[in-house]
Amino acid sequence: MKPSLSRHELKNQTSNNKTYKKDIECPYGTIPVLRNTKEFNTKAQLLAAKYFNPLSADSPGTHIAGVKQHGGPYHGIEAKFNAYNLNIGEDQASYSQMYLGSGHYGEVNFISTGMMINPGIFGDGRLWTYGFWMGKGGKGCYNMACPGFVQVSNVVPLVKPMYLKPGEPASLQWAIHQDEQTRNWWIIQMSPYTYIGYWPKELFYLMDNGATMVGVGGVVQASPSGLSPPMGNGKFPAKGPLRSAMFSNVDVLYSKYEKGKINAFPIVELLDSSRCYGLRIGKRVRFWTSPLGYFFNYGGPGGISCGV
């Protein structure tokens, strides 16, 4: 019901959790499960096969703005980030994600979580939390559309809609951590501290001893016509961290489960369409109680000129 990794290794600062509407609290011994239709599960499976990740070849119509780090082994990543309600077409998607994975001769093991607007999956234009995995033999899915993810929390589900006022961002501070003893991969809400659930290690064969890549950023999927949707809050990053969507407090669990900033080692910037999207890396001000770190602004309006 919880990972063996000690709370001391996972503890973090407080975060703004105002976007969580505490309308779910299942009785002890039960969990919240999104009521799905067969059509929902079928769509989720089909779209999972097209899921873009930075370990695979470029996916047509997909654009990304973010940072990643190669090396490892990595045993986890956590971040504080936000996302906004956007005007997204029924055949488009826009999401904010943190992820980790490993690749070997074309095979990919991958885990991602964050927030997305994806009418093709959810059937509406709302912002949802989500989880995604890809494991042995290319098998995987969104959320709980197939056997895989084990929901543990009776209060915080892996997938739920975010309740937002107009112009207000949704904020998450989540983590993906590998249990040091069981090797399962946990999703953890950092504030209020909650073990959401885990993907069993048996789903993966390239991440038994950690992942070889970690990263954060925004991703969009264009419509077949080539029209790319907005990313982040729909604005290009500008001077000042609050003017566009942002990732901050990006920490990584390194080879010995020691926690460090993602910028402690070289990072790779990902931006494949500067005409439509942007990426800005800024340095946090050092306070006497806080270590120096970086924030990552991303986003843009999209458009027909982004390329497919």
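Tutor: We begin with a definition: a residue counts as buried when its relative accessible area is under 20%, as exposed when that area is over 50%, and as partly exposed in between. The model in front of you is a predicted one, and that should be kept in mind throughout.

Student: How, then, should I class Arg183, buried or partly exposed?

Tutor: Arg183 has a relative accessible area of 24%, which is not under 20% and not over 50%, and therefore Arg183 is partly exposed. Arg183 lies in the loop between β8 (170-178) and β9, and its phi is near 70 degrees, a positive value in a residue other than glycine.

Student: What is the sign of phi at Asn249, and is Asn249 buried or exposed?

Tutor: Asn249 also shows a positive phi, of about 50 degrees, although it is not a glycine. Its place is in strand β12, which covers residues 245-253, and because its relative accessible area of 15% is under the 20% cut-off, Asn249 counts as buried.

Student: Before we go further, how many helices and strands are there in the protein chain, and what percentage of its residues count as buried?

Tutor: The protein chain has three helices and 16 strands, and 56% of its 308 residues count as buried. It also helps to ask how far apart in sequence the contacting residues are: of the contacts with a separation of 6 or more, 72% are between residues 24 or more positions apart.

Student: Which residues have the most contacts inside the largest nonpolar core?

Tutor: A core of this kind is read as a set of buried nonpolar residues whose side chains are joined to one another. In this structure the largest nonpolar core has 53 residues, and Leu100, Ile111 and Val216 have the most contacts inside it. If you centre the view on Ile111 and leave aside its neighbours within four places in sequence, you will find it in contact with residues including Met98, Tyr99, Leu100, Phe132, Trp133, Trp185 and Met207. Apart from the largest core lies another, of 17 residues, among them Phe110, Trp128, Met134 and Leu270.

Student: Where are the peptide bonds that are cis?

Tutor: One runs from Gly72 to Pro73, with omega near 5 degrees, and Pro73 lies in strand β1, residues 62-74. Another runs from Ser191 to Pro192, where omega is near -10 degrees, and Pro192 lies in the loop between β9 (185-190) and β10 (193-199).

Student: How many salt bridges does the count come to, and which residue meets Lys259 in one of them?

Tutor: To read a salt bridge, look for a side-chain nitrogen of Lys or Arg within 4 Å of a carboxyl oxygen of Asp or Glu; the count here comes to three. The side chain of Lys259 meets that of Glu78, with 3.2 Å from N to O, and this pair links distant parts of the chain, since Lys259 is in strand β13 (residues 259-261) and Glu78 in strand β2 (residues 76-83), 181 residues apart. Lys259 is partly exposed at 33% relative accessibility, whereas Glu78 is buried at 2%.

Student: Which residue forms a salt bridge with Asp124, and which one meets Asp251?

Tutor: Arg126 forms the salt bridge with Asp124, the closest N and O atoms being 3.1 Å apart, and Arg126 is partly exposed at 38% relative accessibility. Asp251 meets Lys261 at 3.0 Å, N to O; Asp251 lies in strand β12 and Lys261 in strand β13, so the pair ties together parts that are ten residues apart in sequence. Both Asp251 and Lys261 are buried.

Student: With which side chain does the side chain of Asn297 make a polar contact?

Tutor: The partner is the side chain of Ser244, at 3.5 Å. Asn297 is found in strand β16, residues 294-299, and at 0% relative accessibility it counts as buried.

Student: Finally, how many cavities of 30 Å³ or more does a search of the whole structure find, and which residues line the largest cavity?

Tutor: The search finds two such cavities, and about 60 Å³ of space lies in the largest one. Its lining includes Ala83, Tyr84, Ser94, Met115, Met231 and Tyr298. The elements that give two or more residues to that lining are β3 (93-104) and β4 (107-117), and the largest share, three residues, comes from β3.

Note on methods
Residues numbered from 1 in each chain as written. Predicted model: local features only at pLDDT ≥ 70, side-chain atom pairs only at ≥ 80, totals over all residues. Heavy atoms only, no water. Core = buried A, V, L, I, M, F, W, Y, C linked by side-chain atoms within 4.5 Å. Buried < 20%, exposed > 50% of the residue type's maximum accessible area, 1.4 Å probe, protein only. Contact = heavy atoms within 4.5 Å. Helix = DSSP H or I, 4+ residues; strand = E, 2+ residues; numbered from the N terminus. Polar contact = N/O pair within 3.5 Å; in protein donor to acceptor, adjacent residues only side chain to side chain. 1 Å grid on protein atoms, 1.4 Å probe; cavity = no way out; pocket = protein on both sides within 12 Å on 5 of 7 lines; lining within 4 Å. Points joined across faces, edges and corners; volume = space filled by probe spheres on them.
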